Amino acid sequence: MNPSSNLVVRVEHLPDRTYRLWLQTSGDPLDLGTVDRTRDLYPMTKTRVAAHAGVPAGELGAVELVVPAPPWFRMYQPVLVHDEDGTWAPGYVMDFVQGSFLVDTEHTGGFYAQEDLDFDPPAEAMTYRGRHRE
């Protein structure tokens, strides 16, 4: 493996909401293990590819991380968003962009990691109907 060449790692969404990393090679993809959190995807990918190549991560060339939408994702899915102040706010998933969910909430919106979302909120928590339903 030439560590200066462009490398591609594809992410597989596992049922327990963790991620499996697959280094694309000229043969079969190489399993680089799992990652628990969205924010760790790129750093762990770079570290594991560098270890596989036998070079320090700083000497590794570009690594493209391909993160498809998870199979359980659907547009306008109701969720609860864990805000920075520690509260949960109702919202609706508007899109999935390279590992993050775009969520519309009553007061704001933004991109969130799946760890900051409750994808199975109780109906009584969903008092915000969302802009897409107006």
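How far apart are the end C-alpha atoms of helix H1, and what span should its 13 residues have? The legends below take up this helix after an overview of the predicted model.

**Figure 1. Overview of the protein chain in the predicted model.** The protein chain contains 1 helix and 9 strands. Read from the N terminus, the order of elements is β-β-β-α-β-β-β-β-β-β. The C-alpha trace spans about 55 × 30 × 25 Å along its principal axes. Of the 134 residues, 38% are buried. The accessible surface amounts to about 7700 Å², and carbon and sulfur atoms hold 50% of it. Among contacts with a separation of 6 or more, 46% are between residues 24 or more positions apart.

**Figure 2. Helix H1, residues 41-53.** The end C-alpha atoms of H1 lie 18 Å apart, which agrees with the 18 Å that 13 residues should span at 1.5 Å a residue. The buried residues of the helix are Leu41, Thr45, Lys46, Val49 and Ala50. These residues sit on the same side of H1, because the arc they cover around the axis is only 150°. In an α-helix there are 3.6 residues a turn, so residues three or four places apart point the same way. The cover over the buried residues of H1 includes S1, S2, strand S3 (30-35) and strand S4 (63-66). Glycine 54, just after H1, has a positive phi of about 75°.

**Figure 3. Strand S4 and its pairing with S1.** The two strands are parallel and are joined by 4 bridges. One bridge links valine 8 to its partner in S4, glutamate 64. Side chains alternate along S4: Val63 and Leu65 are buried and point to one face, whereas Glu64 and Val66 point to the other face and are not buried.

**Figure 4. Surroundings of histidine 13 in strand S1.** Histidine 13 counts as buried because its relative accessibility is 13%, and the cut-off for buried is under 20%. Its side chain comes to 2.6 Å from the backbone oxygen of proline 68. Beyond four places in sequence, the contacts of histidine 13 are Thr18, Tyr19, Val67, Pro68, Ala69, Pro70, Pro71 and Phe96.

**Figure 5. Threonine 18 in the loop between strands S1 and S2.** The loop follows strand S1 (7-13) and leads to strand S2 (19-23). Threonine 18 has a relative accessible area of 12% and is therefore buried. Its side chain makes a polar contact of 2.5 Å with the side chain of aspartate 16. Outside the four nearest places in sequence, threonine 18 contacts Glu12, His13, Val35 and Asp36.

**Figure 6. The open sheet of 5 strands.** The strands are ordered S8-S7-S6-S5-S9, and their pairing is antiparallel. Strand S8 (109-112) and strand S9 (117-118) form the edges, each of them pairing on one side only. Strand S6 (residues 88-97) is joined to S7 by 6 bridges in an antiparallel run. Within this pairing, aspartate 95 has leucine 102 of S7 as its bridge partner.

**Figure 7. The hairpin from S7 to S8.** The connection between the two strands is made of 3 residues. S7 and S8 run antiparallel and are joined by 4 bridges. One bridge pairs aspartate 104 with glycine 109 in S8. In S8 the side chains alternate, with Gly110 and Tyr112 buried and pointing to one face. Gly109 and Phe111 point to the other face and are not buried.

**Figure 8. Phenylalanine 101 in strand S7, residues 100-105.** Is phenylalanine 101 buried or exposed? Its relative accessibility of 1% means that phenylalanine 101 counts as buried. With neighbours within four places in sequence set aside, the contacts of phenylalanine 101 are Pro70, Trp72, Phe73, Val93, Asp95, Phe96, Gly110, Phe111, Tyr112, Gln114, Leu117 and Phe119. As a distance reference, the C-alpha atom of phenylalanine 101 is 32 Å from that of glycine 27, which is 74 residues away along the chain.

Technical notes: Residues are numbered from 1 along each chain as its sequence is written. This is a predicted model: local features need pLDDT of at least 70, side-chain atom pairs count only at pLDDT 80 or more; totals for chains, interfaces and linings use all residues. Side-chain values use heavy atoms; hydrogens and water are left out. Buried means under 20% relative accessible area, exposed over 50%, partly exposed in between (1.4 Å probe, protein chains only). Contact means heavy atoms within 4.5 Å. Two strands pair if DSSP finds at least two bridges between them. A polar contact is a pair of N or O atoms within 3.5 Å; within protein, one must be able to donate a hydrogen and the other to accept it, and residues adjacent in sequence count only if both atoms are side-chain atoms. The expected span of a helix is 1.5 Å times one less than its number of residues. The arc is that of the directions from the helix axis to the C-beta atoms. Accessible areas come from the Shrake-Rupley method with a 1.4 Å probe; for residues, only the protein chains shown count as cover.
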